[in-house]
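Welcome! Here is a short briefing to help you find your way around a structure you have not met before. Please have a look at it first, and then read on.

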Amino acid sequence: MTPATERPARQELRKAVDRIHWFHRIDLGDGIVTPGDDESPRKLESLGLPASLSGKTVLDVGAWDGFFSFESERRGASRVVAVDPECWRPPDWGPGGFGSRAGFDLARRALGSEVEDVDIDLLDIGPESLGRFDVVLFLGVFYHLPDPWPYLDRVASVTAERLVIETHADFLDVRRPAMAYYPGTEIDGDDSNWWGPNAALLRAALLERGFSRVEVVHQERYGYRLARAARGRLRGGGLRTQQGRLVVHGIR
Ligand SMILES: C[S@@+](CC[C@H](N)C(=O)[O-])C[C@H]1O[C@@H](n2cnc3c(N)ncnc32)[C@H](O)[C@@H]1O
């Protein structure tokens, strides 16, 4: 689809932003930041993305409102492609069903962005259908997949240089490859959360898929996890200090 480039007037934009349930917090300029539930700028800091993506091609898998697609473009990427069939096709995705592509479309227009969108099933992603990309972003998706391995195969197959995986994680103090399974709604009361891998598991999985090197770029520190677990305990949850967020890069 061709990105729309005409920026709406400020008042009109404000009203349009207010009509959407946002996931990402995107700075649209003129003092308008989309009121997403996600702490997107903080997540961005944890990703270890190169400050300049000048001349790079980027694929954002599971882009939702597009915060990381637009950020890649801002960092100079020559081409950015965003895909998110689960969220962008009806019915709306997520707890309570609030994920749609309305946010992506509006933000792209407001930013005058040239990020491309492609409507494709994630299992149809491959070098033949999409080509290869220097950088592939697989952020916040892995743990939502009941059977993540075929999806990891697909995103690995289109990565020319660097695959960035950001995920909920578990067994963070375990050195051997391990992954927790969550039937039901154990994580955040959300039945779309299935798995919590640890760093050793993702390292092994990426090396098996032909990456020459794996960097663990971010793993939430114990003190932070303990504080969050204690807050969860006060609200009646279990004390789960082994859980947190994790970012790994697979390097070709
Ligand atoms: C937590 S959001 C992450 C959005 C964004 N990548 C980020 O990191 O902020 C989860 C994303 O995973 C996608 N997703 C969830 N379950 C999926 C599934 N079964 N198949 C494909 N995509 C899925 C959703 O559409 C959504 O975009």
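In this predicted model, the buried residues of helix H3 are Phe67, Phe68, Ser69, Phe70, Glu71 and Ser72. That makes six of the eight residues of H3, which spans residues 67-74, so the helix is largely enclosed by the rest of the structure. From there, the tour moves on to the ligand and to the aromatic rings.

**Helix H3 and its neighbours**

- Two helices serve as packing partners for the buried residues of H3: H2 (40-46) and H5 (102-111).
- Those buried residues also pack against three strands, namely S3 (57-61), S4 (79-83) and S6 (133-139).
- Just after H3 you will meet Gly76, which takes a positive phi of about 100 degrees.

**Around the ligand**

- The ligand has 17 residues around it, and the ones that come nearest are His24, Lys43, Gly62, Asp84 and Leu139.
- The shell around the ligand is made up of 10 nonpolar, four polar and three charged residues.
- Gly62 places a backbone N or O atom 2.6 Å from a nitrogen atom of the ligand.
- Asp84 uses its side chain instead: a polar atom there lies 2.5 Å from an oxygen atom of the ligand.
- For Cys87, a backbone N or O atom lies 3.3 Å from an oxygen atom of the ligand.
- On its own the ligand has 590 Å² of accessible area, and the protein covers 93% of it.

**Aromatic rings**

- Searching the whole structure turns up seven aromatic pairs.
- One of them joins Phe142 and Trp149 edge-to-face, with 5.7 Å centre to centre and 70 degrees between the planes.
- Phe142 has 0% relative accessibility, so it counts as buried.
- Its partner Trp149 has a relative accessible area of 28% and is therefore partly exposed.
- Tyr181 and Trp195 form a tilted pair, at 4.8 Å centre to centre and with 45 degrees between the planes.
- This pair links distant parts of the chain: Tyr181 sits in strand S8 (residues 179-181) and Trp195 in strand S9 (residues 195-197), 14 residues apart.
- Tyr181 counts as partly exposed because its relative accessibility is 44%.
- Trp195, with a relative accessible area of 17%, is buried because that value is under 20%.
- Phe70, one of the buried residues of H3, appears here again: ring pairs link Phe70, Trp88 and Phe104 into a cluster.

Notes
Residues numbered from 1 in each chain as written. Predicted model: local features only at pLDDT ≥ 70, side-chain atom pairs only at ≥ 80, totals over all residues. Heavy atoms only, no water. Buried < 20%, exposed > 50% of the residue type's maximum accessible area, 1.4 Å probe, protein only. Helix = DSSP H or I, 4+ residues; strand = E, 2+ residues; numbered from the N terminus. Contact = heavy atoms within 4.5 Å. Near = heavy atom within 4 Å. Polar contact = N/O pair within 3.5 Å; in protein donor to acceptor, adjacent residues only side chain to side chain. Areas by Shrake-Rupley, 256 points an atom, 1.4 Å probe, with all protein chains shown as cover. Nonpolar A, V, L, I, M, F, W, Y, C, P; charged D, E, K, R; others polar. Phe/Tyr/Trp six-rings, centres within 6.5 Å; stacked < 30°, edge-to-face > 60°.
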